[in-house]
Amino acid sequence: MDEALLRSLTPGVLGILVRRGADFAAAEDAVQDALVEAVRVWPADPPRDPKGWLVTVAWRRFLDATRADASRRRREDLVDEEPPPGPAPSADDTLQLYFLCAHPSLTPSSAVALTLRAVGGLTTRQIAEAYLVPEATMAQRISRAKRTVSGVRFDRPGDVATVLRVLYLVFNEGYSGDVDLAAEAVRLTRQLAAAIDHPEVSGLLALILLHHARRAGRTAPDGSLVPLAEQDRGLWDMRAIAEGVVILQSALARDRLGAFQVQAAIAALHADALTAEETDWVQIVEWYDELVRIADSPVVRLNRAVAVGEADGPRAGLAALASLDPALPRHAAVAAHLHERDGDPRTAARLYAEAARTASNLAERDHLTRQAARLNALLRG
Amino acid sequence: MAKYLLLKHYRGAPAPVDGTPMDQWTQEEISAHLRYMNDFAARLEKSGEFVDSQALAPEGTWVQYGGEGRPPVTDGPFAETKDLIAGWMVIDVDSYERAVELAGELSAAPGAGGKPIHEWLELRPFYGVQPTVTE
């Protein structure tokens, strides 16, 4: 049984049922039934058209279920509406699922879970493992999400930005059980990019390809964090970087700039440099200025201050930092780095230790603690 | 999508509004209190925000490596320890605000006289793993 094939067909089948008027939760149940049936029947009797087979079986299951609890009239209407058999276009239906699963009425965690389930075709257990919560909790999260979107109709094109935010959330989840969520996000974003012609979708795809390409260099074998400047660039996936750059260039050529394209451009400039010293920081600052214009936030300004520090020296970086709230996450870490480069290891050591206390994850905390310890050892002579 | 630990303390937390020790509550008051906690956990499981919950015995033992070829050193329980952990609940929620809201609800568990005990709970975020590095 080809599990990958089943997984890739699931969203399309689900989308067709929902477009035909099936309630989302009922459609999902019917599709799950059809998948179970496929696992049972296909090994001995493989269908010529797997997707058509799944649609037929799932639709029958849905009608059976509807028959049990809905009025006869409703059932007859649905049967009347059933389109003649034949190949169905899949892209549009899958696309609708992306919008439904990222519906603004859902909380971010529900939207992510529903997307992984309905569009990604992952099992509840796989999603629960990826997020380190009990399977029962994840099952309830998903069924609540299904109930929330059950009344939502497919008559309006959704908000692309919301879908992209959900996919980026999936990508940024570092947990992995059975499933590599970053790779899953790349797969789903690729699928979306194939279905929809939108420069920001390409921007997101380029961005996560570029980030993903550098993953192997980001941590040492013992799990500790390796700063960008010290990463072994030989570990970077050059094919993924090349692909990301090509996708980004064609998106930029359309002259409809968005935040994901800009972030991808910054990532591309990092990926492009053969050594850390060759990084084109001046151009990176220019892209950050662009990002401040279209999507200003304290975090963007903090990252810009880092780039300014590299392009124009630590004093300029500290000046850029001065206007920002010191309570910002990573503010102390950035300040520490700039003070060290400015020749003030005492202040830098204190700030690294402070940054370690407020770090949001272990790898970062340990990295910052080591930085503080390194400078303190230096100061002791 | 961030995990928080709701930590209950036997001692060491600021005094609650009604500090009557649990062993002086009525049977019904104790049952109502436990039911409240269980219902709270069940509700969070339904909302997809529950991760784990356990209660801990008040008495613990300190253990220390005793040196090469020697058994571990144990001492205690330390009766004077000011900060004993009574139990915990782990939740997985969308925001810090939601975590505070839920901790507030849990703190409203009924105590003596059936009124909320306004228990102090310690709310601590879990360390996550490395998200995408923003360079």
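**Exercises on the A–B interface and a chain B sheet**

In this predicted model, chain A and chain B bury about 2600 Å² between them, 52% of it on carbon and sulfur atoms; buried area is the accessible area (1.4 Å probe) that two parts lose on being put together, summed over both. Local features need pLDDT of at least 70 and side-chain atom pairs count only at pLDDT 80 or more, while totals for chains, interfaces and linings use all residues. Residues are numbered from 1 along each chain as its sequence is written.

**Exercise 1.** Determine how many residues each chain gives to the contact, and identify the salt bridge across the interface.

*Solution.*
1. Chain A contributes 38 residues and chain B 21 residues to the contact (heavy atoms within 4.5 Å).
2. The rule finds 1 salt bridge across the interface, where a side-chain nitrogen of Lys or Arg must lie within 4 Å of a carboxyl oxygen of Asp or Glu.
3. A:R141 forms this salt bridge with B:D92, with the closest N and O atoms 3.2 Å apart.

**Exercise 2.** Establish the strand order of the open sheet in chain B and which strands lie at its edges.

*Solution.*
1. Strands here are DSSP runs (E, at least two residues), and helices likewise (H or I, at least four), numbered from the N terminus; two strands pair if DSSP finds at least two bridges between them.
2. The 4 strands follow the order β2-β5-β1-β6 with antiparallel pairing.
3. β2 (50-55) and β6 (121-125) of chain B are the edge strands, each pairing on one side only.
4. Between β2(B) and β5 (residues 85-93) of chain B there are 5 bridges; B:Q54 has B:W88 as its bridge partner in β5(B).

Methods:
Chains lettered and ligands numbered in written order. Heavy atoms only, no water.
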